[in-house]
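Trainee: Could you take me closely through one part of this model, with the packing as your main subject, and then set it beside the rest of the fold? I would like one connected account rather than a list.

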Amino acid sequence: MDIAEFARRIPKAELHLHLEGTLEPELKLALAHRNNIPLTETTAEEVRDTYTFTDLSSFLAVYYPSMEVLQTEDDFFDLAMAYLNRASAQGVRHVEMFFDPQSHTSRGVQFSTVIRGYRRALITARRSFAIQGELIMCFLRDMDPSFAMATLMEALPHRDWIIGVGLDSDERGNPPAKFAAVMARARAEGFLVTVHCDIDQQDSAEHIRQAIHELQVDRIDHGTNIVEDRRLLREAKSRGLGLTVCPLSNGFVSDAMKTDEIMQLFDAGLLVSINSDDPAYFGGYIGDNYAALAKAADLTREQLTRFARNSFESSWLSPRIRDHFL
Ligand code: HPA
Ligand code: ZN
């Protein structure tokens, strides 16, 4: 078995995956057809041609309008099932999946429609594909914190189906501290907390500092710019904070895969895991991300095994179940 095949097959957990970022062109067309939604594109190739961007905001400008085709509980179910099927084929045994309820409720789709579809997929996939998972509800940081708070309240009747909360979308001018009150309330309600500190954003290191010190996060999504601040790096290590990095995504939102930074953090002993972020948009699922980093950094099987182990160690599985995977 060559190293790329080993990278794809090794049992792993995925901790940074946006369900809405798994909308493949073929499914987008099928859902548009099913829901009578007119699209300008008529073939998967044409849809794929629209999936082009140079940074985070140009990605988000394609990502949000695409979601219009998601309308019914079955649509959310089908989206999640397609992802879970592919993830399981690339070695994923446990997944903690982000979803963006505000991007649906703001266009008239009920919160319960979204979460019921996703939840049903998780239950079905556990039986069909031997993969298990949890949901993490993300707040959109480019919308008002009062909308995030209202969304948190809306989620409370479904709290048993949501393991934690996250913060995503456009980071410019939207630092973690802006959401400190919402995150404190989420924590008081029993949710774990993670925050996107995307690659090479304005004030990246300061955003990481706020996430750790002011939001008391349990994990950081991306967070690669922590290499710029030795003190923060040491602190993240001593707190055992996981960093969920996404090599292929990095190449789209910044100018490179950030191989050197990822390996510096990995070699320093931080709990760095490899993930796919928005695989339908960024050219690969999680195994492809393992394989891409393996090629770029000339990784050994031992190093890949360590990355996979980090993914379970920094997951939110209960210690008893986590030990079963380690
Ligand atoms: N960054 C910020 N927001 C997002 C992303 C991302 O990579 N994917 C989906 N929403
Ligand atoms: Zn992300």
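Mentor: A crossing is left-handed if the near helix is turned anticlockwise from the far one by less than a right angle, and right-handed if it is turned clockwise. With that convention in hand, and bearing in mind that the model is predicted, we can begin with helix 10 and helix 11, whose crossing is left-handed. Helix 10 covers residues 204-213 and helix 11 covers residues 230-239, and their axes cross at roughly 35° and come within 11 Å. On the side of helix 10 the contact is made by A205, I208, R209 and I212, which meet L232, E235 and A236 in helix 11. Sorted by class, this contact consists of five nonpolar and two charged residues, with no polar ones.

Helix 8 and helix 9 offer a second packing to set beside it, and here the crossing is right-handed. Helix 8 runs over residues 145-155 and helix 9 over residues 180-188, with an angle of about 15° and a distance of 9 Å between their axes. Since angles under 35 degrees count as roughly parallel, helix 8 and helix 9 are therefore roughly parallel to each other. In this contact P145, A148, M149 and L152 of helix 8 face A181, V182, R185 and A186 of helix 9. Seven of the residues in the contact of helix 8 with helix 9 are nonpolar and one is charged, while none is polar.

Turning from helices to strands, the model has an open sheet of eight strands, in the order 1-2-3-4-5-6-7-8 and with parallel pairing. Strand 1 (12-14) and strand 8 (271-274) stand at the edges with a single partner strand each, so one side of each lacks a neighbour in the sheet. From one strand to the next the twist averages 25°. At the end of the order, strand 8 pairs with strand 7, residues 242-245, in the parallel sense and over four bridges, and there G242 is placed opposite L271 of strand 8.

What remains is the ligand site. Ligand 1 is surrounded by H18, G21, L56, D168, S169, H196, D198, S249, D277 and D278. By class, this shell around ligand 1 has five polar, four charged and one nonpolar residue, and it may be read beside the contact of helix 8 with helix 9, where seven residues are nonpolar and no polar one occurs.

Definitions and conventions. Residues numbered from 1 in each chain as written. Chains lettered and ligands numbered in written order. Predicted model: local features only at pLDDT ≥ 70, side-chain atom pairs only at ≥ 80, totals over all residues. Axes fitted to C-alpha atoms, helices over the stretch in contact; angles between N-to-C directions. Helix = DSSP H or I, 4+ residues; strand = E, 2+ residues; numbered from the N terminus. Parallel < 35°, antiparallel > 145°, perpendicular 65-115°, else oblique. Contact = placed C-beta atoms within 7 Å. Nonpolar A, V, L, I, M, F, W, Y, C, P; charged D, E, K, R; others polar. Pairing = 2+ DSSP bridges. Near = placed C-beta within 6 Å.
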